[in-house]
Amino acid sequence: MIPVSVVNSHMAEHGWTFEENEDGVVADPLFDARYLHQIYTRADPTYTGRVTVCRFLWDKKKQTIVSNESSEIIRMFNFRLR
């Protein structure tokens, strides 16, 4: 129902990467992005900040990031599951 991807635990020169050089990395299933910042700029093409948070919830219909705060994402799922 909700696809999950996992970035490499090592932050590369250009930020978090989906480069599969270790166990546990799961490539980006939505856009086949190489770097996490590519998804942030897909949501906001003018975004120029660093991507320091490697978790977020993506809205497929609106084509944007809903939240990148883990506690908020958990609350969203808890609310919707009731």
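**Exercise 1. Asn8 and its partner**

Task: In this predicted model, find which backbone oxygen the side chain of Asn8 reaches, and at what distance. Then describe the surroundings of Asn8.

Solution:
- Step 1. Start at the side chain of Asn8 and look for the backbone oxygen of Glu19, which it reaches at 3.1 Å.
- Step 2. Place the residue along the chain: Asn8 sits in the segment before helix H1, and H1 spans 36-43.
- Step 3. Decide on burial. The cut-off for buried is under 20% relative accessible area. Asn8 has 3% relative accessibility, so it counts as buried.
- Step 4. List the contacts, skipping residues up to four places away in sequence. Asn8 then touches Trp16, Thr17, Glu19, Asn21, Glu22 and Val25. Glu19, whose backbone oxygen came up in Step 1, is in this list.

**Exercise 2. His10: buried or exposed?**

Task: Classify His10 as buried or exposed, and say which residues it contacts.

Solution:
- Step 1. His10 also belongs to the segment before H1.
- Step 2. Exposed means over 50% relative accessible area. His10 is at 55%, and therefore counts as exposed.
- Step 3. With neighbours within four places in sequence left aside, His10 is in contact with Trp16 and Thr17. Trp16 and Thr17 are also among the residues that Asn8 touches.
- Step 4. For a distance check, go from His10 to Glu22. They are twelve residues apart in sequence, and their C-alpha atoms are 9.5 Å apart.

**Exercise 3. The nonpolar core**

Task: How many residues make up the largest nonpolar core, and which are they?

Solution:
- Step 1. Collect the members: Val7, Trp16, Phe18, Ala33, Leu36, Ile39, Tyr40, Val51, Trp58 and Ile65, which makes ten residues.
- Step 2. Ask which element gives the most to this core: the answer is H1, with three residues.
- Step 3. Take one member, Val51, and look around it. Leaving out residues up to four places away in sequence, Val51 touches Met11, Trp16, Leu36, His37 and Tyr40. Among these, Trp16, Leu36 and Tyr40 belong to the core as well.

**Exercise 4. Asp28 and two backbone nitrogens**

Task: Which backbone nitrogens does the side chain of Asp28 approach? Say also whether Asp28 is buried or exposed.

Solution:
- Step 1. Asp28 is located in the segment before H1.
- Step 2. With 6% relative accessibility, Asp28 counts as buried.
- Step 3. A polar atom of the Asp28 side chain lies 3.1 Å from the backbone nitrogen of Leu30. The side chain of Asp28 also reaches the backbone nitrogen of Phe31, at 3.0 Å.
- Step 4. Beyond four places in sequence, Asp28 is in contact with Ser5, Phe18, Ala33 and Ile39. Phe18, Ala33 and Ile39 appear in the largest nonpolar core.
- Step 5. Val7, another core member, is 21 residues from Asp28 along the chain, with 8.5 Å between their C-alpha atoms.

**Exercise 5. Ser67 in its strand**

Task: Describe the polar contacts of the Ser67 side chain with Glu69 and with Glu72.

Solution:
- Step 1. Ser67 is part of strand S2 and is buried, because its relative accessible area is 5%.
- Step 2. Its side chain reaches the backbone nitrogen of Glu69 at 3.1 Å.
- Step 3. The side chains of Ser67 and Glu72 are joined by a polar contact of 3.4 Å.
- Step 4. Apart from residues up to four places away in sequence, Ser67 touches Phe56, Leu57, Glu72, Ile73 and Met76.
- Step 5. Now turn to Glu69. It lies in the loop between strand S2 (64-67) and helix H2 (70-81), and at 36% relative accessibility it counts as partly exposed.

**Exercise 6. Positive phi**

Task: What is the sign of phi for Asp32 and for Gln63?

Solution:
- Step 1. Recall the background: most residues other than glycine have a negative phi.
- Step 2. Asp32, in the segment before H1, has a positive phi near 55°. With a relative accessible area of 64%, Asp32 is exposed.
- Step 3. Gln63, in the loop between strand S1 (57-59) and S2, has a positive phi of about 55°. With a relative accessible area of 36%, Gln63 is partly exposed.

**Exercise 7. A nonpolar surface patch**

Task: Which residues make the nonpolar surface patch of about 400 Å²?

Solution:
- Step 1. The patch is made by Met1, Ile2 and Phe77.
- Step 2. Of these, Ile2 is placed in the segment before H1 and counts as partly exposed, at 47% relative accessibility.

How values were computed:
Residues are numbered from 1 along each chain as its sequence is written. This is a predicted model: local features need pLDDT of at least 70, side-chain atom pairs count only at pLDDT 80 or more; totals for chains, interfaces and linings use all residues. Side-chain values use heavy atoms; hydrogens and water are left out. Helices (H or I, at least four residues) and strands (E, at least two) are DSSP runs, numbered from the N terminus. Buried means under 20% relative accessible area, exposed over 50%, partly exposed in between (1.4 Å probe, protein chains only). A polar contact is a pair of N or O atoms within 3.5 Å; within protein, one must be able to donate a hydrogen and the other to accept it, and residues adjacent in sequence count only if both atoms are side-chain atoms. Contact means heavy atoms within 4.5 Å. A nonpolar core is a set of buried Ala, Val, Leu, Ile, Met, Phe, Trp, Tyr and Cys residues joined through side-chain atoms within 4.5 Å. Patches are made of residues with over 30% relative accessible area and no salt bridge: like charges are joined within 9 Å, nonpolar side chains (Val, Leu, Ile, Met, Phe, Trp, Tyr) within 5 Å. Accessible areas come from the Shrake-Rupley method with a 1.4 Å probe; for residues, only the protein chains shown count as cover. A salt bridge is a side-chain nitrogen of Lys or Arg within 4 Å of a carboxyl oxygen of Asp or Glu.
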